[in-house]
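Reader: I would like to learn how to read a protein model one feature at a time. Could you show me the structure and walk me through it?

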Amino acid sequence: MSKRVLILNGPNLNLLGTRQPEVYGRDTLDGIAKACAADAAKRGWSVDFRQSNMEGDLVTWIQQARGTADALIINPAAFTHTSVAILDALLVLDIPVIEVHLSNIHKREEFRHHSFVSRAATGVIAGLGAKGYLLALAALED
Ligand code: CA2
C-alpha cells in the first residue's frame, strides 16, 4: 500500500498567484497541489492536499492524521506565528512533520521570525517558493 502524506495550508494561501507575486511567487495553490500529487506519485506516495482559513479546521485535520497519514507537510501561513493550538495538535503526532514557507520568514518583518510550529517540526523549509513543497516530499524519502 502506498504511503500517505497530508499537506495542509493555512489562511489566505488560496489567494496564491493572484496577489503579491513578488513575495509568494506566481504559482497558484491548485498548481502546487497538482505538482505535489505528480511528484509524490513518482515516489509511491498518495497526497491529501487541503487549505483552510480556519484554525480549527487545521487542528481537526492534524488530529485526524493520527493513523491516517504517514507524514505531514504544513504551511500554517499566519498561524505559524500565533497558534499554540496548532503546535499542541502537532506535538501529539508521531509521524514526520515538515514545515514549509514560500517566503523566507527570517528576512521579513520581525513578527514573522518566530514560529510556534517549528517546535513540533522534523524540519523547516523557507524561502524557496513552491519548490519547498517538493523538497519536503523529497525529505520524506527513506
Ligand atoms: O511564506 C509563507 O509561506 C507564509 O507562511 C505565508 C503567510 C505568511 O503569513 C507567513 O508569514 C509566511 C501568508 C500567506 C498569504 O498568502 C497570500 C498569497 C497571495 C496574496 C495574499 C496572501
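Reader: Let's begin with the ligand. How many residues surround the ligand, and which are the closest?

Author: This is a predicted model, so everything we discuss is computed from it. The ligand has 17 residues around it, and the closest are Asn-75, His-81, Leu-102, Ser-103 and Arg-112.

Reader: Which side-chain atoms lie at short range from an oxygen atom of the ligand, say for Asn-75?

Author: Look for N or O atoms, since a polar contact is a pair of N or O atoms within 3.5 Å. In the side chain of Asn-75, such an atom is 2.8 Å from an oxygen atom of the ligand. For the side chain of His-81 the distance from a ligand oxygen is 2.7 Å, and for that of Ser-103 it is 2.5 Å. As for cover, the ligand on its own has 510 Å² of accessible area, and the protein covers 94% of this.

Reader: Arg-112 was also in that list. Where is the place of Arg-112?

Author: You will find Arg-112 in the loop between β4 and β5.

Reader: Is Arg-112 buried or exposed?

Author: Here a cut-off helps: buried means under 20% relative accessible area. Arg-112 has 17% relative accessibility, so it counts as buried. The side chain of Arg-112 also makes a polar contact, at 2.7 Å, with the side chain of Glu-109. If we leave aside neighbours within four places in sequence, Arg-112 is in contact with Tyr-24, His-81 and Ile-105. One of these, His-81, is also among the residues closest to the ligand.

Reader: Now the strands. In what order do the five strands of the sheet stand?

Author: To read a sheet, go from strand to neighbouring strand. The order here is β2-β1-β3-β4-β5, in an open sheet with parallel pairing. At the edges stand β2 (45-51) and β5 (123-126); each has a single partner strand, so one side of each is left without a neighbour in the sheet. On average, neighbouring strands are turned by 20 degrees against each other, direction ignored.

Reader: How many bridges join the pairs, for example β1 and β2?

Author: β1 and β2 pair in the parallel sense over seven bridges, and one partnership to find is Leu-8 with Arg-50 in β2. β1 and β3 pair over five bridges, again in the parallel sense; there, Val-5 has Ala-71 in β3 as its bridge partner. Moving along, three bridges join β3 (residues 71-75) to β4 (residues 97-101), which run parallel. In that pair, Ile-74 has Glu-99 of β4 as its bridge partner.

Reader: What lies across β1 and β2?

Author: Helix α2 (residues 29-42) lies across β1 (3-9) and β2, and it runs at about 165 degrees to β2. As for β1, this strand is mostly covered, with five of its seven residues buried.

Reader: Can we take one residue of β1? What does Ile-7 touch?

Author: Ile-7 sits in strand β1 and is buried, with a relative accessible area of 0%. Leaving aside neighbours within four places in sequence, its contacts include Cys-36, Val-47, Phe-49, Ile-73 and Tyr-133. Sequence and space can tell two stories: Ile-7 and Tyr-133 are 126 residues apart in sequence, yet 8.8 Å apart in space, C-alpha to C-alpha.

Reader: And what does Leu-140 touch?

Author: Leu-140 belongs to the segment after α5 (131-139) and is buried, with a relative accessible area of 8%. Not counting residues up to four places away in sequence, Leu-140 touches Val-5, Trp-45, Ala-71, Ile-73, Pro-96 and Ile-98.

Reader: One last feature, the backbone angle phi. What is the phi of Asn-12?

Author: The general idea is that most residues other than glycine have a negative phi. Asn-12 has a positive value, near 75 degrees, and is found in the loop between β1 and α1 (21-24). Gln-20 has a positive phi too, of about 50 degrees, although it is not a glycine. Gln-20 is found in the loop between β1 and α1 and is partly exposed, with a relative accessible area of 41%.

Key:
Residues are numbered from 1 along each chain as its sequence is written. This is a predicted model: local features need pLDDT of at least 70, side-chain atom pairs count only at pLDDT 80 or more; totals for chains, interfaces and linings use all residues. Side-chain values use heavy atoms; hydrogens and water are left out. Two strands pair if DSSP finds at least two bridges between them. Helices (H or I, at least four residues) and strands (E, at least two) are DSSP runs, numbered from the N terminus. Axes are lines fitted to C-alpha atoms, for helices over the stretch in contact, and angles run from 0 to 180 degrees between N-to-C directions. Contact means heavy atoms within 4.5 Å. A residue is near a molecule or strand if one of its heavy atoms lies within 4 Å of it. A polar contact is a pair of N or O atoms within 3.5 Å; within protein, one must be able to donate a hydrogen and the other to accept it, and residues adjacent in sequence count only if both atoms are side-chain atoms. Accessible areas come from the Shrake-Rupley method with a 1.4 Å probe; for residues, only the protein chains shown count as cover. Buried means under 20% relative accessible area, exposed over 50%, partly exposed in between (1.4 Å probe, protein chains only).
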